[in-house]
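Here's a walk through the model, going from one end of the chain inwards and back out again. Keep the viewer open while you read.

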Amino acid sequence: MRAFILETIYEWSKKPYKKWFKKEIPWDISIKQLIYYPKNSLGFHLGCFLLKHDFAPQPKLENHDVFHVLTGIGISVSEEISMQFYLLGNGKRSIYLFSVILLGSLLYPDKLKTFKSFYIKGRKAHPFYQLNYKNLLYQPLKELQTTLSIIPLWK
C-alpha cells in the first residue's frame, strides 16, 4: 500500500515538476541511439537500462536514469527513496528530493537504517548530481564511476 501511495504521488507530480522546476533542455536522444554508443560507454549502459526496465527517456528527467546507471541502485520504491538519500549525501538539494525523503521516511520507517547508509555512500562520492551527462554519454562508465568515487551496488 505504501508503495502505491508514493507511485501515485509521483505520477500526479511528474508533469507539474517538469514544467515549473526543471529548466534543462530535453536531450532528444532515443533508446535506439543510445544502444549504438560504444559498449563500455555511459550512453550504451543507459540505453540497456531503459530497455531492461521497458522505460522511455523522460524529457528533462534524463539524469535520473543516469543516476541509476552510475550507482547501480534499483527501481523499486524503497530503492528510489534510497537514491534520493544518496543524492542528498552527494549534495543535491531540490523540492522533489526533500519531498521523497520526507514521505519515504514516514512511509518506510523500517528502512531508515538503509536510507542512512545510502546517504553516507553519497557523501563518500565526489559531487556528480550537477554534471551535464548528455556531454558524457561517450565516456566509459567504469571510468566515470572511478573518477567520481562511485562504488556501484552491483559490483
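## A helical chain, from tail to core

Let's start at the tail: Ser-149 sits in the segment after H8. This is a predicted model, so take the angles and distances below as computed from it. The phi of Ser-149 is near 55°, a positive value in a residue other than glycine. With a relative accessible area of 32%, Ser-149 is partly exposed.

Asp-28 does something along those lines too. Its phi is positive, about 55°, although Asp-28 is not a glycine. You'll find Asp-28 in the loop between helix H1 (2-20) and H2, and its relative accessibility of 73% means it counts as exposed. As background, most residues other than glycine have a negative phi.

Now the overall picture. The protein chain has eight helices and zero strands, so reading along the sequence gives the pattern α-α-α-α-α-α-α-α. Of the 155 residues in the chain, 39% are buried. If you take contacts between residues at least 6 apart in sequence, 65% of them join residues at least 24 apart.

What sits in the middle of the largest nonpolar core, in terms of touching the most other members? The core has 36 residues, and Leu-42, Leu-46, Leu-70, Phe-128, Tyr-133 and Leu-137 are the ones that touch the most other members. The elements giving two or more residues to this core are helix H2 (31-34), helix H3 (42-52), helix H4 (62-71), helix H5 (77-90), helix H6 (95-107), helix H7 (112-124) and helix H8 (141-147). H5 provides the largest share, seven residues.

Take Leu-46 as a close-up. Leaving out residues up to four places away in sequence, Leu-46 touches Trp-27, Leu-34, Asp-65, Val-66, Val-69 and Leu-137.

H5 deserves its own look. It has 14 residues, which at 1.5 Å a residue should span 20 Å, and its end C-alpha atoms are indeed 20 Å apart, which agrees. Is H5 enclosed or open to the outside? Because 12 of its 14 residues are buried, H5 is largely enclosed by the rest of the structure. The buried ones are Val-77, Ser-78, Ile-81, Ser-82, Met-83, Gln-84, Phe-85, Tyr-86, Leu-87, Leu-88, Gly-89 and Asn-90. Right after H5 comes Gly-91, with a positive phi near 110°.

So how do the helices pack? Two packed helices are described by the angle between their axes and the distance between the axes. Here are three pairs from this model:

| Pair | Angle between axes | Axis distance |
|---|---|---|
| H5 and H7 | about 40° | 6 Å apart |
| H5 and H6 | roughly 130° | within 9 Å |
| H3 and H4 | roughly 105° | within 10 Å |

For H5 and H7, the axes lie 6 Å apart at an angle of about 40°. That makes H5 oblique to H7, and the crossing is right-handed. On the H5 side, Ser-78, Ile-81, Ser-82, Phe-85, Tyr-86, Leu-88, Gly-89 and Asn-90 meet Thr-114, Phe-115, Phe-118, Tyr-119, Lys-121, Gly-122 and Arg-123 of H7.

H5 and H6 cross at roughly 130°, and are therefore oblique to each other. H5 passes H6 in a left-handed crossing. The contact uses Ile-81, Gln-84, Phe-85, Leu-87 and Leu-88 of H5 together with Tyr-96, Leu-97, Phe-98, Val-100, Ile-101, Gly-104 and Ser-105 of H6.

The axes of H3 and H4 cross at roughly 105°. That makes H3 roughly perpendicular to H4. Here the contact is between Leu-42, His-45, Leu-46, Phe-49 and Leu-50 of H3 and Asp-65, Val-66, His-68, Val-69 and Leu-70 of H4.

One last stop is Ile-75, in the loop between H4 and H5. Is Ile-75 buried, partly exposed or exposed? At 31% relative accessibility, Ile-75 counts as partly exposed. Not counting residues up to four places away in sequence, Ile-75 touches Phe-49, His-53, Phe-55, His-68 and Glu-80. Ile-75 and His-53 are 22 residues apart in sequence, with their C-alpha atoms 8.7 Å apart in space.

How values were computed:
Residues are numbered from 1 along each chain as its sequence is written. This is a predicted model: local features need pLDDT of at least 70, side-chain atom pairs count only at pLDDT 80 or more; totals for chains, interfaces and linings use all residues. Side-chain values use heavy atoms; hydrogens and water are left out. A nonpolar core is a set of buried Ala, Val, Leu, Ile, Met, Phe, Trp, Tyr and Cys residues joined through side-chain atoms within 4.5 Å. Buried means under 20% relative accessible area, exposed over 50%, partly exposed in between (1.4 Å probe, protein chains only). Helices (H or I, at least four residues) and strands (E, at least two) are DSSP runs, numbered from the N terminus. Contact means heavy atoms within 4.5 Å. The expected span of a helix is 1.5 Å times one less than its number of residues. Axes are lines fitted to C-alpha atoms, for helices over the stretch in contact, and angles run from 0 to 180 degrees between N-to-C directions. Angles under 35 degrees count as roughly parallel, over 145 as roughly antiparallel, 65 to 115 as roughly perpendicular and the rest as oblique. A crossing is left-handed if the near helix is turned anticlockwise from the far one by less than a right angle, and right-handed if clockwise.
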